[in-house]
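Here is a short set of exercises to work through with the structure open beside you. Try each task before reading its solution.

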Amino acid sequence: MNEKWGKLIEFIKNREENKDHIFWMARQAKPYRGTIALMLLFEILSLMLSLLSTFVSKTVVDRATSARLDAKYVAIMAGASLLSIAFSTVFRIFNDYVNENFSFGLRCKMFSGIQSSVWQKLIRFHSGDIVTRLTSDIYGISSGILTIVPNTIVTAMQLTIAFFILFHYDHELAVFALVIGPLGGLISLTLMPKYKVYQTRLKESESAYRAFMQESLSNITVVKTFRLEEENNRRMEEFRQDRLKTTLSAAKLGTVIHSLMRLFYSFGYILAFCWGAYRISTGKITYGTLTLFISLVSQVQGSLSRLSKVLPQFYSMVICSKRIREVTDLENEQFSGREGVPKQIGIRMDHVNFAYNVKPVLNDVTLEIKPGERVGIVGASGAGKTTLIRLLLALITPQSGTLTYVTEDGLQPVEPDSRRFISYVPQGNTLLAGTIEQNLRNGNANATEEELWTVLKASGAYDFVRNLPDGLDTELAEHATGISEGQAQRLSIARALLKKLPLLILDEATSALDEQTEAKVLDGISKYTDRTCMFITHRRSMLRYCDKVLELSEDGYVTMRTLDHSNEE
Ligand SMILES: Nc1ncnc2c1ncn2[C@@H]1O[C@H](COP(=O)(O)OP(=O)(O)O)[C@@H](O)[C@H]1O
Ligand SMILES: [Mg+2]
């Protein structure tokens, strides 16, 4: 019991955090407040009409008991009921529409924000986890707001009106009903902390199993060749059992909360009924008033029952909000807004130090690359070659030291905006699903077909694309399945060349090629362009295409030498 109270106290202490999430969600809903208000209007109209119908029913019964059935009142009653149904139908349609508009609007906004988060912070999350937060959690918030807001407002109105009508006819009964309601709510509040724990667990496991499925499907070759199918099936079954257990516990608790509240209301209903019967027997009220009582009480019951779902839903929304903000509150990249692409780019690094964690990856790196120079980067695997490139792309920032680009218009700091003048071929397979032409056009959407073939020639991909039955229209599957890795690398290079930017960076972009093809590609690139080039390679023989070599040692030190090719034949 003590533990339970402890949890409740902690829960109440969390109200600052809850408040923060409520404000955040309210801010997200703000652009949609017009449509939400309109939707609410239909729900309120529906409520008013159903109250009117209830009210008229009293007159109908009263007149009937004195043997006067009045068709006019019956017609009003029926008309009001019908209209009430019509408005509530419009409300439902509107609700679906507003929900999609709101959730997708929020999704677009959050997705856009996540894309501009700092790279190093973002990569800590699994993409499957982020996608779950952007789909399921965002939907949880929008549908929650669109249930809670109308439910609370409409129920509050209904309760107030019903209370005054009841009060008008019978003071004691109205006050009695007023006391019963909050009592039920109070009891369910003590059960809430546990409910919140279950909801959090369910959300986390949703992220986990989605990430797992995405990972497995995206690496289906590994799954098949390592015979991981059975193991994967077992993992999925584990997820299933775990979710079933939590869902069952949450459902049980939810039902207990709900039933407790129902119990109170039923008790109230019976009391109201007996009280009414007693008042009739003493001749204080008419049969019509009793009818009014009973249908008011049952209406109030209906709305209180909807209200009892508000609290669980509210906490589930707070959890969604928390999860979404974990990824959208990541630090954003700072853009300076600098524009224009210089013709010439040189690079200066001055005493640069960088570590991902504690172990230094780059130690006191000082170097200079002049515009138009070709620089080969060599070093053992894990020495820090890719890290050096990430610094130049401003994906990461050094702990100390400065990085500068030297342009014909003066010096510019290395910053996220610098990416506008860098053509980069990342390590690994980076082609997208689509045709070869579509992939190339990601480099330059307006390139002519002649330009496409020119870059394909320069990157050594011309012959193989020519020989494909569908040529440029060849469809590539996810991860460029369907062509060889070396072919994919050459297409990635072609895509980068098409961008025609003054700094070209290749990160092991020729690693899958045989020596002869690699030489051909590097030769093609040097002939195609005179821009500044940096390329990482594992073959020292390729340094013949370079003016300088940058060598990274295991302990993070960098040495740079100018190469002299004058003695070579
Ligand atoms: N995102 C990261 N977080 C932490 N450590 C990393 C990260 N990326 C690389 N490292 C570590 O930094 C070192 C250099 O990696 P990297 O620059 O990728 O080497 P390579 O020379 O093979 O390109 C390695 O020890 C690697 O384990
Ligand atoms: Mg690397």
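**Exercise 1. Domains**

Which domains does the domain assignment of the protein chain give? Then find how far apart their C-alpha centres lie.

Solution. Keep in mind that this is a predicted model. Begin with the bounds: domain 1 covers 14–328, and domain 2 covers 346–562. Next, take the C-alpha centres of domain 1 and domain 2, which are 54 Å apart.

**Exercise 2. The sheet**

Work out the strand order of the four-stranded open sheet, and place helix α13 relative to the sheet.

Solution. Step one is the order, which reads β2-β1-β4-β5, with antiparallel pairing. Step two is the edges: β2 (360–369) and β5 (410–413) each pair on one side only. From one strand to the next, the twist averages 25°. Step three adds the helix: α13 packs on the sheet and touches β1, β2 and β4, its direction making about 120° with that of β1. Finally, look at one strand pair in detail. Strand β1 (residues 346–355) and strand β4 (residues 400–407) run antiparallel and are joined by six bridges. Here M349 stands opposite L403 in β4.

**Exercise 3. Around ligand 1**

Which helix gives the most residues to the shell around ligand 1? Sort the shell by residue character as well.

Solution. List the shell first: Y356, V361, G379, S381, G382, A383, G384, K385, T386 and T387. Helix α13 (residues 385–392) gives the most, with three residues. Sorting the shell yields three nonpolar, six polar and one charged.

**Exercise 4. Two histidines with positive phi**

Find where H351 and H479 sit, and decide for each whether it is exposed or partly exposed.

Solution. Some background helps: most residues other than glycine have a negative phi. H351, however, has a positive phi near 50°, and H479 has one near 60°. H351 belongs to strand β1; H351 counts as exposed because it has 12 C-beta neighbours inside 10 Å. H479 lies in the loop between β8 (475–476) and α17. With 18 other C-beta atoms within 10 Å, H479 is partly exposed.

**Exercise 5. The setting of I493**

Is I493 buried or exposed? Which residues does I493 touch, leaving aside those up to four places away in sequence?

Solution. Locate I493 in helix α17 (residues 485–498). Now count: I493 has 27 other C-beta atoms within 10 Å, so this residue is buried. Its contacts beyond four places in sequence are V425, S459, L506, A509 and V521. As a last step, turn to V154, 339 residues from I493 along the chain: their C-alpha atoms are separated by 61 Å.

Conventions
Residues are numbered from 1 along each chain as its sequence is written. Chains are lettered from A and ligands numbered from 1 in the order in which they are written. This is a predicted model: local features need pLDDT of at least 70, side-chain atom pairs count only at pLDDT 80 or more; totals for chains, interfaces and linings use all residues. A residue is buried if 20 or more other C-beta atoms lie within 10 Å of its own, exposed if 12 or fewer, and partly exposed in between; C-beta atoms are placed from the backbone. Two residues are in contact if their C-beta atoms, placed from the backbone, lie within 7 Å. A residue is near a molecule or strand if its C-beta atom, placed from the backbone, lies within 6 Å of it. Ala, Val, Leu, Ile, Met, Phe, Trp, Tyr, Cys and Pro count as nonpolar, Asp, Glu, Lys and Arg as charged, and the others, Gly among them, as polar. Domain bounds come from an automatic or database domain assignment. Two strands pair if DSSP finds at least two bridges between them. Axes are lines fitted to C-alpha atoms, for helices over the stretch in contact, and angles run from 0 to 180 degrees between N-to-C directions.
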